[in-house]
Amino acid sequence: MHVPDGFLDAPTSIATGAVAATAVAVSLRRARRELDDKTAPLTGLVAAFVFAVQMLNFPVGAGTSGHLLGGALAAILVGPWTAVLCMTVVLLVQGLFFADGGITALGTNITLMGVVTVVVGWALFRLTLRFLPRRPASAAPAAFVAALVSVPVAALCFVGLYAVGGTADISLKAVFAAMVGWHVLIGLGEAAITALTVGSVIAVRPDLVHGARPLIAARELTVRKPRPLVTKGDRSA
């Protein structure tokens with residue numbers, strides 16, 4: 001989904017750049033509430049994982065490419081504000097050092113992959129949890145839904161930007177079919193990976209999953225009655 005240079009006109013690129021800059025500025029302030037001794041070390045691992053999966057690109061037609069995005073997974077593991085910063089760092093490194101996405105389109109790529117996927121994924125994760133039992137195990141199916149929807153929504157937003165300011169000699173119908181159609185399939189794969197990852201972390205360390213912390217706090221405390229002590233006199237009797 002990395003948008004190259006010249007794929008969108010200057011006004012559209014500037015507008016998305018302003019959206020991305022605003023989102024990063026707000027995230028820098030809000031992420032302080034999410035970062036603690038558990039979230040901070042996990043942030044680096046999440047960024048590395050997202051970087052790796054996004055480097056596996058494959059063409060989907062109409063001059064575009066597809067890959068896993070990772071926005072929903074990042075939001076669930078480290079929180080939405082920190083996730084925006086993780087995605088921004090990943091996209092910045094990819095654009096500057098790996099020519100993956102254009103420099104002038106960096107704001108567009110951050111808006112689509114670093115903001116839209118995180119916002120949609122986090123919102124759907126929280127919404128889905130309302131309809132599931134309040135226990136940590138519910139985080140995995142909620143993560144599946146969040147990732148499944150966030151990917152095609154980001155692709156649909158790209159199609160909207162292309163309709164407004166696209167400069168390539170490709171019809172809007174072809175771009176829509178290539179982006180939304182393929183990213184529905186990509187969303188299925190990302191949903192499975194996200195649910196598996198969140199479920200695996202919760203199985204061993206549920207406290208590390210930012211999105212599952214309210215579920216942990218809501219668990220009922222089970223108090224077991226102590227066994228009565230059996231004395232030697234009781235046995236002889």
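**Contacts, fold and a charged patch**

Thr-128 touches Ala-142 and Val-145, leaving aside residues up to four places away in sequence. The model described here is predicted. Thr-128 sits in helix α5, which covers residues 106-129. Its relative accessibility is 17%. Buried means under 20% relative accessible area, so Thr-128 counts as buried.

The overall fold comes next. The protein contains nine helices and two strands. Read from the N terminus, the order of elements is α-α-β-β-α-α-α-α-α-α-α. The two strands thus follow the opening pair of helices in that order. The chain has 237 residues, and 47% of them count as buried. Contacts with a separation of 6 or more were also examined. Of these, 77% link residues that lie 24 or more positions apart.

The surface was then considered. The accessible surface of the protein amounts to about 12,200 Å². Carbon and sulfur atoms contribute 68% of that area. A positive patch also lies on the surface. Four arginines form this patch: Arg-29, Arg-30, Arg-32 and Arg-33. Arg-32 belongs to the loop between α1 (10-30) and α2 (39-54). Its relative accessible area is 67%. Exposed means over 50%, so Arg-32 is exposed.

The two residues examined in detail therefore fall on opposite sides of the cut-offs: Thr-128 is buried at 17%, whereas Arg-32 is exposed at 67%. Thr-128 lies in a helix, while Arg-32 lies in a loop.

Methods: Residues numbered from 1 in each chain as written. Predicted model: local features only at pLDDT ≥ 70, side-chain atom pairs only at ≥ 80, totals over all residues. Heavy atoms only, no water. Patch = residues over 30% accessible without salt bridge, like charges linked within 9 Å, V, L, I, M, F, W, Y side chains within 5 Å. Areas by Shrake-Rupley, 256 points an atom, 1.4 Å probe, with all protein chains shown as cover. Salt bridge = Lys/Arg side-chain N within 4 Å of Asp/Glu carboxyl O. Lys, Arg positive; Asp, Glu negative; His and termini not counted. Charge placed at Lys NZ, Arg CZ, Asp CG, Glu CD. Helix = DSSP H or I, 4+ residues; strand = E, 2+ residues; numbered from the N terminus. Buried < 20%, exposed > 50% of the residue type's maximum accessible area, 1.4 Å probe, protein only. Contact = heavy atoms within 4.5 Å.
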